[in-house]
Structures are given as structure tokens and as C-alpha cells.
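This report describes a ligand site and several individual residues of one protein chain. The sequence and the structure are shown first, and the discussion follows.

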Amino acid sequence: MKIVFATNNKHKLDEIRSILGSRFEILSLNDIGCYADIPETANTLEGNAIQKARYIVDNYGYDCFADDTGLEVSSLGGEPGVHSARYAEGTDHNSEANMQKLLRCLAGKDDRCAQFRTVICLARKEDVADYTLFEGIVKGTIAKEKQGTEGFGYDPIFVPEGYNESFAQLGMDIKNGISHRARAVEKLARYLVQ
Ligand code: IMP
């Protein structure tokens, strides 16, 4: 069975292919000839995931799933959340600027609790306006300074619950076993193979 994952991110594609194994043929956006800038204008993770998955079903006629992730910091009312990629003004996916802004916003605050949350939306062509959502969460805290070099995004300042090191220090094997994305993907995989 063919299903599109609305991404061209090689890391995400490898991760999902290794979890779903040979039971599904996972196609990327490039694989189906989609080079469009898919709209991602909702103000929630759920809204963006639904928007992306439905766009592919409606315009390309494939079953599709799409993900959206945010880092939600308690003492900042859940920010940066859906704005995680562009948290620092005037930037897009500038991890260094995003982390520096977050560290500045948390300076002097005792509550440094945070969570990464991934939402995956599965949309199918036979369900005209329908979809199914899957959520994965990893709780943790924001460190006072960057630690470690592996990973991407906010990994150097996120310390998952039960560990004393950041995602960037723990490395990919440990991160992929406990991460928000892995947890959401596992739920999707269980649903798909039912
Ligand atoms: P996306 O929805 O996967 O593109 O994630 C949006 C933003 O959240 C990224 O640009 C990163 O800044 C951040 N992010 C998502 N997943 C992770 C992660 O596993 N580690 C660190 N940062 C992440």
C-alpha cells in the first residue's frame, strides 16, 4: 500500500520507513512530483498537520500523513509552540537565534519545564473531509545553556525527563527511542497495521 509522508526531510523519512518496514511504501513529496509550497497557516500544530495532509489528498489523490512539532514551555504559556521554527524575529529555521531568544526569555525564571509535542494527521482519499490525529509528547526542562552537538533545532537546550543530559548530548539512538516524533509515529504505525 502506497502512502505519502508530506515531507522531503530525509531523517524523518528514514525514521518512518524503519518503523513501518516493508508493509507500506512511503513516498516523499518529491516522489509524487509535489514541489509546491504547501500552506501551513494554521495557529495550532493540529491545524497545520491537517492542512498539509488534506492538501496532498485533495490535490494529488494519495493517502497521506503530515506532521507538525512545537516546543511548548510552561512559563511562557506554551510558546514557542506552533512558532518554534520561526521564534526569533525575522528568521526561519535559525536554531541558534531561536535558542538564544528562548534562553533570554527564561532568564531568571525558576520554572523551566517544557515539552516537545508532535501531531501527525492521517488523511485518506475515501474519507472526503475526515482525518485521524496522533500525538507524541516528551516532557523535560530547558537547560541554562547549550550542551552537546548532535541533533538539530532546540536539542542542545532540551533535557528530557529522567536524564541529566540534553538531546544533543544523548545522541540519536537514545533520542529516537523516547522522542515526541517517535511516540507519534509509533501510534500511527500501530493504527496503520491494524
Ligand atoms: P517541524 O514541524 O518538524 O518542522 O518542527 C518545527 C520546529 O520545531 C523545528 O524547526 C525545530 O526548531 C523544532 N523541532 C522539531 N523537532 C525537534 C527536535 O526533535 N529537536 C529539536 N527541535 C525540534
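A residue is termed buried under 20% relative accessible area, exposed over 50%, and partly exposed in between. By this scale Asn30, with a relative accessible area of 41%, is partly exposed, because its value lies between the two limits. The model under discussion is predicted.

**The ligand site**

The ligand is surrounded by 14 residues. The closest of these are Lys12, Thr69, Asp155, Lys175 and Arg181. For three of them, a distance to an oxygen atom of the ligand is listed below.

| Residue | Atom on the protein side | Distance to a ligand oxygen atom |
|---|---|---|
| Lys12 | side-chain N or O atom | 2.9 Å |
| Thr69 | backbone N or O atom | 3.0 Å |
| Lys175 | polar side-chain atom | 2.7 Å |

Lys12 and Lys175 thus approach the ligand through their side chains, whereas Thr69 does so through a backbone atom. Taken alone, the ligand exposes 470 Å², and the protein buries 90% of that area. The space that the ligand takes up is the largest pocket. Two elements, β3 (64-73) and α6 (180-193), give two or more residues each to the shell around the ligand. In character, the residues of this shell divide into four nonpolar, five polar and five charged.

**Buried residues**

Strand β3 also contains Phe65. Is Phe65 buried or exposed? Phe65 counts as buried, because its relative accessibility is 0%, and the limit for burial is under 20%. Phe65 and Ile26 are 39 residues apart in sequence, while their C-alpha atoms are 10.0 Å apart in space.

A charged residue is buried as well: Lys101 has a relative accessible area of 14% and therefore falls under the 20% limit. Lys101 belongs to helix α3, which covers residues 95-106. Which backbone oxygen does the side chain of Lys101 reach? The partner is the backbone oxygen of Tyr87, at 3.1 Å.

**Exposed and partly exposed residues**

Asn30, introduced above as partly exposed, is placed in the loop between β2 (25-27) and α2 (45-60). Asn30 is separated from Thr7 by 23 residues in sequence and by 8.4 Å in space, C-alpha to C-alpha.

Glu145 lies in another loop, the one between β6 (132-142) and β7 (158-160). Glu145 counts as exposed because its relative accessibility, 52%, is over 50%. In sequence Glu145 and Phe158 are 13 residues apart, and the distance between their C-alpha atoms is 9.7 Å.

Asn176 is part of helix α5 (residues 172-178). With a relative accessible area of 29%, Asn176 is partly exposed. The C-alpha atoms of Asn176 and Gly77 are separated by 27 Å, and these two residues are 99 residues apart along the chain.

**A cis peptide bond**

One backbone feature remains to be noted. Glu79 and Pro80 are joined by a cis peptide bond, with omega at about 0°. Pro80 is located in strand β4, which consists of residues 80-81.

Terms used
Residues numbered from 1 in each chain as written. Predicted model: local features only at pLDDT ≥ 70, side-chain atom pairs only at ≥ 80, totals over all residues. Heavy atoms only, no water. Near = heavy atom within 4 Å. Polar contact = N/O pair within 3.5 Å; in protein donor to acceptor, adjacent residues only side chain to side chain. Areas by Shrake-Rupley, 256 points an atom, 1.4 Å probe, with all protein chains shown as cover. 1 Å grid on protein atoms, 1.4 Å probe; cavity = no way out; pocket = protein on both sides within 12 Å on 5 of 7 lines; lining within 4 Å. Sits in = over half its atoms within 2 Å of the grid points. Helix = DSSP H or I, 4+ residues; strand = E, 2+ residues; numbered from the N terminus. Nonpolar A, V, L, I, M, F, W, Y, C, P; charged D, E, K, R; others polar. Buried < 20%, exposed > 50% of the residue type's maximum accessible area, 1.4 Å probe, protein only.
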